[in-house]
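Reader: Please choose one part of this chain and look at it closely, then follow its connections into the rest of the fold. I would like the terms explained as they come up.

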Amino acid sequence: MTARSEVTAYIGLGANLGDPAQALRSAILHLGAIQGVRLLQSSSLYRSAPVDSSGPDYINAVVEVATTLNAPSLLTAMQAIELTAGRERPYINAPRTLDLDLLLYGSAGIASPRLTLPHPRMWQRAFVLLPLHEIAPVLVPSKALNAVAGQACAFSASSGLV
Ligand code: AMP
């Protein structure tokens, strides 16, 4: 059997309950431990005000991975990590212990009930574009950064990881 070649993907992480920085660091380690996923880069941790949500500020980050999994399988593995982190969904956009979004999977464009790629809201969110720009500047044109410049989002800490 031929080995599947690797695809570069970007995953957005966010949390605003409990110890969000610790939740993100732990989630990044879990992402790197998925079979068929190699962690390539992690952005710093950013602090952002809730958008379409409530509660304390969010901590956000973006990681770059190389994966042999297809996009739906990668999303399934990500959702298992969310569950491990104790995420509950009492209502839409509720505060969360961990939210993982598949932002980009190679150049794939997908519009299925379960998975939309690129992530449909990534270009409207400073908390996605700032960390993504940090690790993959060519993917985020300055026009896109300017469009979200009014949103409260700033460096919070190094991830201390890759
Ligand atoms: P959220 O509550 O924002 O984490 O949304 C989770 C829901 O969005 C799940 O039902 C996913 O199947 C769906 N979804 C669609 N596209 C994506 C994507 N690119 N990344 C993560 N979840 C997605």
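Author: Asparagine 16 is found in the loop between S1 and H1, where helices and strands are DSSP runs (H or I of at least four residues for helices, E of at least two for strands) numbered from the N terminus. The model is a predicted one, in which local features need pLDDT of at least 70 and side-chain atom pairs count only at pLDDT 80 or more, whereas totals for chains, interfaces and linings use all residues. Residues are numbered from 1 along each chain as its sequence is written.

Asparagine 16 counts as buried because it has 23 C-beta neighbours inside 10 Å; a residue is called buried if 20 or more other C-beta atoms lie within 10 Å of its own, exposed if 12 or fewer, and partly exposed in between, with the C-beta atoms placed from the backbone. The C-alpha atom of asparagine 16 is separated by 7.6 Å from that of leucine 98, although the two residues are 82 apart along the chain.

Turning to strand S1, 7 of its 9 residues are buried, so this strand is largely enclosed by the rest of the structure. S1 runs antiparallel to S4, to which it is joined by 9 bridges, and it also pairs in the antiparallel sense with S5, over 6 bridges; two strands are said to pair if DSSP finds at least two bridges between them. Leucine 13 shows both pairings, since it stands opposite alanine 61 in S4 and opposite leucine 100 in S5. Isoleucine 11, for its part, has valine 63 as its bridge partner in S4.

S4 itself is largely enclosed by the rest of the structure, because 9 of its 10 residues are buried. Besides S1, it is joined to strand S2 (residues 37-42), which runs antiparallel to it over 5 bridges, with valine 37 standing opposite threonine 67. S3 is likewise antiparallel to S4, through 3 bridges, and there serine 48 stands opposite tyrosine 58.

These strands also contribute to the largest nonpolar core, which has 40 residues and in which Ile11, Leu24, Ala27 and Leu103 touch the most other members. Strands S1 (7-15), S3 (45-48), S4 (58-67) and S5 (99-105), together with helices H1 (20-32), H2 (71-84) and H3 (126-135), each supply at least two of the core residues. A nonpolar core here is a set of buried Ala, Val, Leu, Ile, Met, Phe, Trp, Tyr and Cys residues joined through C-beta atoms within 7 Å. Leaving aside residues up to four places away in sequence, isoleucine 11 touches Leu31, Val62, Val63, Val65, Met78, Leu100, Asp101, Leu102 and Leu103, two residues being in contact if their C-beta atoms, placed from the backbone, lie within 7 Å.

H3 is mostly covered, with 7 of its 10 residues buried, namely Ala126, Phe127, Val128, Leu129, Leu130, Pro131 and Leu132. The buried residues of this helix pack against S1, S3, S4 and S5, and also against helix H4 (142-147) and strand S8 (153-157). In the loop between S7 and H3 lies proline 118, which is joined to leucine 117 by a cis peptide bond with omega at about -10 degrees. Most peptide bonds are trans.

Leucine 117 also belongs to the residues around the ligand, which are Leu75, Asp99, Asp101, Leu102, Arg114, Leu115, Thr116, Leu117 and His119; a residue counts as near a molecule if its C-beta atom, placed from the backbone, lies within 6 Å of it. S5 and strand S7 (116-117) each supply at least two residues of this shell, and the largest share, 3 residues, comes from S5.

For the chain as a whole, there are 4 helices and 8 strands, arranged along the sequence in the pattern β-α-β-β-β-α-β-β-β-α-α-β. The radius of gyration is 15 Å, close to the 15 Å that the globule rule gives for 162 residues, so the chain is as compact as a globular protein of that length; the radius is taken over C-alpha atoms, and the rule is 2.2 Å times the number of residues to the power 0.38. Along its principal axes the C-alpha trace spans about 50 × 35 × 35 Å, and 34% of the 162 residues count as buried. Among contacts between residues at least 6 apart in sequence, 72% join residues at least 24 apart.
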